[in-house]
Amino acid sequence: MLPPQQIAVIVGIGEITDRNREPAEVAEPTELIAQALRAAGEDAGEGWLDRLDSIDLVALTSWRYLDPVRDICTRLAISPAFATNSRRGGETPVRLLYEAALKVISGASRACAVVGGEAANARARARKGRAELPWTPMPSPADTADFPGLSTVRSPLAERYDMLEPSRIYPLYETASQAAWLQTPAAAHRESARLWERYASVASDNPFAWIRNAPDAATIGTIGPDNRLLNWPYPKLMVANPSVNQAAAFIVTSLAEARAAGVDEAKLVYILDGASANEPDDFLHRDRYDRSAAQEAVLGNIVERAGGVESISFMELYSCFPVVPKMALRFMGIDPAASAPSVTGGLTFFGGPLHNYMSHAICAMVRALRSSDAATGLLYGQGGYVTKHRAVLLGTGAPKAALPSDPSVQREADALRGPVPLLCPDYTGPATIEAYTVKYARDGKPMDGTLVLRTPSGDRTMASVPADDSETLALLQSCERSAVGLTGTVTIEPDGRACWAPLLGGARERREVAS
């Protein structure tokens, strides 16, 4: 049995969701976050805000500040020794949770808070209505607090084809996975819609969720004016929703400190284990798009340490786009119809406050565990473009072994990874589709297709399909047959763009996929 000073626990959680329609009535981000931390302090018990000697702020993007974490401290009249404007990335709250646990069990900290929040909905409404917000005046960009972390390393080839946003890169994983799993696009779309229905159902029971009307799979999967396609094959109701006003906070301390403060032990949630690994920053320098070695190493390790999937009572699988939890569920051998993938509601329906969703997931997991006996919860977060992977195991009982000082399983991830194809930016000639997407304008019309291709020698390149090539775009948008495996030719157009067109007639080759 570990001594109580070497056991880390969560003692307090707090969340705020501000649904005011009038932007000027919405509290600014640092005030929302201060309210969430105040709520976490009240949840933990009297005096916990004064006990804090460390506070980490998850990267804030909906408003600029000179030093937002110090602004939050000023609003709460607290002076922790360490106050950090921390990192970007959807996995950041999970990472900060684990780091807070290490700080308290090492004696470096007495009590740590992790906080985050955004008011992107209010700011967007204010812009649309040309209204002034009565918030702290923004400093110049040069004077704005810098949040380090999320890498933006991309090859010039990705920039050439405007493949810089997550909403355009995750579809590459979706289309590659559909082919690898022998699914038609229609079957994969139905699977995504059914999975998202599960997330929506959880959000409907979460009082802090942004969308609580629980749309069904048919609504989520049907393309229309209110659910337009963004990047093939994902419509609006299958992507993260950043237009929210939400904040969350949680407080971590040692079991010894919690007991000394008289915290009810029935409220304590124990931090049991963790794992982390990354993919290469540049998505064009990865081995494949139908799996993630880093995801598999992280989930494989954390599930094994938990005692198998049957030992996990609750889970939160990151849900920026359907392919992420679909890959995770397949790898773990879990049927989503039999086991809910979320205790929070997902980034579409609960809301996606940019880098801070997993803070809300931590709060939701704490509530789920507090209401259960002998339960274990898995938190899995992801950042970048299937880049950064973090998992933490929580439980209602104390850990039997000390937390690893380094949760990295990078070596295992690297061992799982296959050879990375050579990138050939200016290639022309025959090439086969490895993964693809189609970008859409706001009117629902396709702007162009973007393809990741493999040459006959196995090298990798990219090319586009222009908007006026309706026949080839129809192949990419087919619901009955995946375009992965379709062979064509890359040529350079007069404007310098590399364009791809399929081979004609009997010379066409494509992989057949089952329905």
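Me: Buried means under 20% relative accessible area, exposed over 50% and partly exposed in between (1.4 Å probe, protein chains only). What kind of model is this?
Reply: This is a predicted model, where local features need pLDDT of at least 70 and side-chain atom pairs count only at pLDDT 80 or more, while totals for chains, interfaces and linings use all residues. Residues are numbered from 1 along each chain as its sequence is written, and side-chain values use heavy atoms, with hydrogens and water left out.

Me: Cool. How many salt bridges does the structure hold?
Reply: There are 23, counting a side-chain nitrogen of Lys or Arg within 4 Å of a carboxyl oxygen of Asp or Glu. One of them joins Asp-43 to Lys-267, with the closest N and O atoms 3.3 Å apart.

Me: Which parts does that pair tie together?
Reply: Asp-43 sits in helix α1 (residues 29–44) and Lys-267 in the loop between α10 (255–260) and β8 (269–278), so the pair ties together parts 224 residues apart in sequence. Helices (H or I, at least four residues) and strands (E, at least two) are DSSP runs, numbered from the N terminus. Lys-267 counts as partly exposed because its relative accessibility is 24%.

Me: What does Lys-326 form a salt bridge with?
Reply: Its partner is Glu-174, at 2.8 Å between the closest N and O atoms. Lys-326 belongs to helix α12 (residues 323–332) and Glu-174 to helix α7 (residues 166–180), 152 residues apart.

Me: And is Lys-326 buried or exposed?
Reply: Buried, at 1% relative accessibility. Glu-174 is buried too, with a relative accessible area of 1%.

Me: Which residues are joined into one network by salt bridges that share partners?
Reply: Those are Glu-28, Glu-31, Asp-71 and Arg-75.

Me: Switching to strands: how many residues of β10 are buried?
Reply: Eight of its eight residues, 376–383, are buried. Thr-376, Leu-378, Tyr-380 and Gln-382 point one way, and Gly-377, Leu-379, Gly-381 and Gly-383 the other.

Me: Why that split?
Reply: Because side chains in a regular strand alternate between the two faces of the sheet.

Me: Is the pairing of β10 with β11 parallel or antiparallel?
Reply: Antiparallel, over eight bridges, with β11 covering residues 388–395. Two strands pair if DSSP finds at least two bridges between them. Leu-394 in β11 is the bridge partner of Gly-377. The two strands form a hairpin with four residues between them, and Gly-384 in the turn has a positive phi of about 75 degrees.

Me: In what sense does β9 pair with β10?
Reply: Strand β9 (residues 314–317) pairs with β10 in the parallel sense, over four bridges. Glu-316 stands opposite Leu-379 there.
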